[in-house]
Amino acid sequence: ALKRRAFEHKITLRVGRSHGIHAEPTTMGLTFARFYAEMARNLTRLRTARDEVATGAISGAVGTFANIDPRVEEHVCAKLGLTPEPISTQVIPRDRHAAFFATLGVIASSVENVAIEIRHMQRTEVLEGAEFFSMGQKGSSAMPHKKNPVLTENLTGLARLVRMSVIPAMENVALWHERDISHSSVERMIGPDATITLDFALARLTGVVDKMIIFPENMLENMNKFPGLVMSQRVLLALTQAGVSREDAYAMVQRNALKVWEHRTDFKEELLADEEVCAALSREQIEEKFDMDYHTKHVDTIFRRVFGES
């Protein structure tokens, strides 16, 4: 679902944000691609964690094979598709299980990462994207106009539940001598709960992404809320390349940017009216710095890195 949506919105412009504040232009396709790459890493992590935890032991009361032939362990593990634990006590070492649950926690955090982005996009004052809202669905029992991001809020909560299992799994590593059973009650709870919850969360997230509504017009409107301001770094770099010191260039750009913040004026027009800026850059050079295509020129390269195709 993430890959399909990435290609669908490969060049759909939106503003990138750092610290929640407008930064520079990006595309919705890159946002989806970023999440796809994260989930691809998680798939690799999960396969590694599954292989690491898939060991078996029938090595006796303290792991010495005193009363059983090691070949029995090897035979049974082969039948079960497990790897014989190289050295065990009465149980398989619990660092393996800790790594498995830690991986589930990382994946849950990635689920929340996507969910948080969608929740922010659905905020009324942003409205760049939203969960699918069907006819007859209720957003609020008290306020009929509401379209709340209930599914991604649910995913945020589920991620917390999965991560909740990580610390107990790590605390299970330290057992007394050749084994105590302090880990047993923990694993009976977190084993089914964490795996089932994460499976449900991934299925729900797939549906959310697949049916998510995107509003390209709102993305452009938000980016132009402070006209031209997202191009400030290009102007800063152009001034330094023209021989202006970075400190002076920063001050020149910032004083014009603050006018846009305060009065909603046009950043390019402010720069063109600034004598110091115009002494360093021609009108054509200033106007060229507001070419939006500049920020999307490497989208194909990024897509090839992520998907192997563009």
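How do the residues of the lining of the largest cavity divide into nonpolar, polar and charged? Here are my notes on that and a few other spots; keep in mind that this is a predicted model.

1. The cavity. The whole-structure search turns up one cavity of 30 Å³ or more, and its volume comes to about 40 Å³. Its lining is made up of Leu-2, Met-28, Thr-31, Phe-32, Phe-35, Val-114, Glu-117, Ile-118, Met-121 and Met-212. Two elements give two or more residues each to that lining: helix H2 (28-53) and helix H4 (95-122). To settle the opening question, the split is eight nonpolar, one polar and one charged.

2. The largest pocket. If you're after open space instead, go to the largest pocket, with about 580 Å³. It is lined by 24 residues, and those closest to its centre are Val-15, Arg-17, Gly-20, Ile-21 and His-22. At least two lining residues come from each of E1, strand E2 (21-27), H2 and H4, and E1 gives the most, with five. By class, you get seven nonpolar, nine polar and eight charged residues.

3. The second largest pocket. This one has a volume of about 490 Å³. Of its 18 lining residues, His-22, Leu-229, Ser-232, Ala-257 and Trp-261 sit nearest the centre. E2, helix H9 (232-241) and helix H10 (246-263) are the elements that give two or more residues to this lining, and H10 gives the most, with six. The lining counts 12 nonpolar, five polar and one charged. Note that His-22 turns up again here, having already been listed among the residues closest to the centre of the largest pocket.

4. Aromatic pairs. Seven aromatic pairs come out of the whole-structure search. One to look at is Phe-7 with Phe-303: the ring centres are 5.1 Å apart and the planes are at 90°, so this is an edge-to-face pair. The two residues are 296 apart in the chain, with Phe-7 in helix H1 (residues 2-8) and Phe-303 in helix H14 (residues 299-307), so the pair links distant parts of the chain. Zoom out a bit and ring pairs join Phe-7, Tyr-36, Phe-303 and Phe-307 into a cluster.

5. Buried or partly exposed: which is Phe-7, and which is Phe-303? Phe-7 has a relative accessible area of 27%, which makes it partly exposed. Phe-303 is at 0% relative accessibility and is therefore buried, the cut-off being under 20%.

6. Lys-10. Which residues does Lys-10 touch, leaving aside those up to four places away in sequence? The list is Thr-27, Gly-29, Val-299, Asp-300, Phe-303 and Ser-310. So Phe-303, the ring partner of Phe-7, is also a contact of Lys-10. Lys-10 itself is in the loop between H1 and strand E1 (13-18). With a relative accessibility of 14%, Lys-10 counts as buried, since the limit is 20%.

7. Charges over rings. Two places are worth a click. Arg-34 lies over the face of Phe-35, at 4.8 Å from the ring centre; Phe-35 is also one of the residues lining the cavity. Lys-297 lies over the face of Tyr-294, at 3.5 Å from the ring centre.

Notes: Residues are numbered from 1 along each chain as its sequence is written. This is a predicted model: local features need pLDDT of at least 70, side-chain atom pairs count only at pLDDT 80 or more; totals for chains, interfaces and linings use all residues. Side-chain values use heavy atoms; hydrogens and water are left out. On a 1 Å grid over the protein atoms alone, a cavity is a set of points where a 1.4 Å probe fits but cannot get out, and a pocket is an open set with protein on both sides within 12 Å along at least five of seven lines; lining residues have an atom within 4 Å of a point. Grid points are joined across faces, edges and corners, and a volume is the space filled by probe spheres set on the points. Helices (H or I, at least four residues) and strands (E, at least two) are DSSP runs, numbered from the N terminus. Ala, Val, Leu, Ile, Met, Phe, Trp, Tyr, Cys and Pro count as nonpolar, Asp, Glu, Lys and Arg as charged, and the others, Gly among them, as polar. Rings of Phe, Tyr and Trp (its six-membered ring) pair if their centres lie within 6.5 Å; planes under 30 degrees apart count as stacked, over 60 as edge-to-face and the rest as tilted. Buried means under 20% relative accessible area, exposed over 50%, partly exposed in between (1.4 Å probe, protein chains only). A charge sits over a ring if NZ of Lys or CZ of Arg is within 6 Å of the ring centre and within 35 degrees of the ring normal. Contact means heavy atoms within 4.5 Å.
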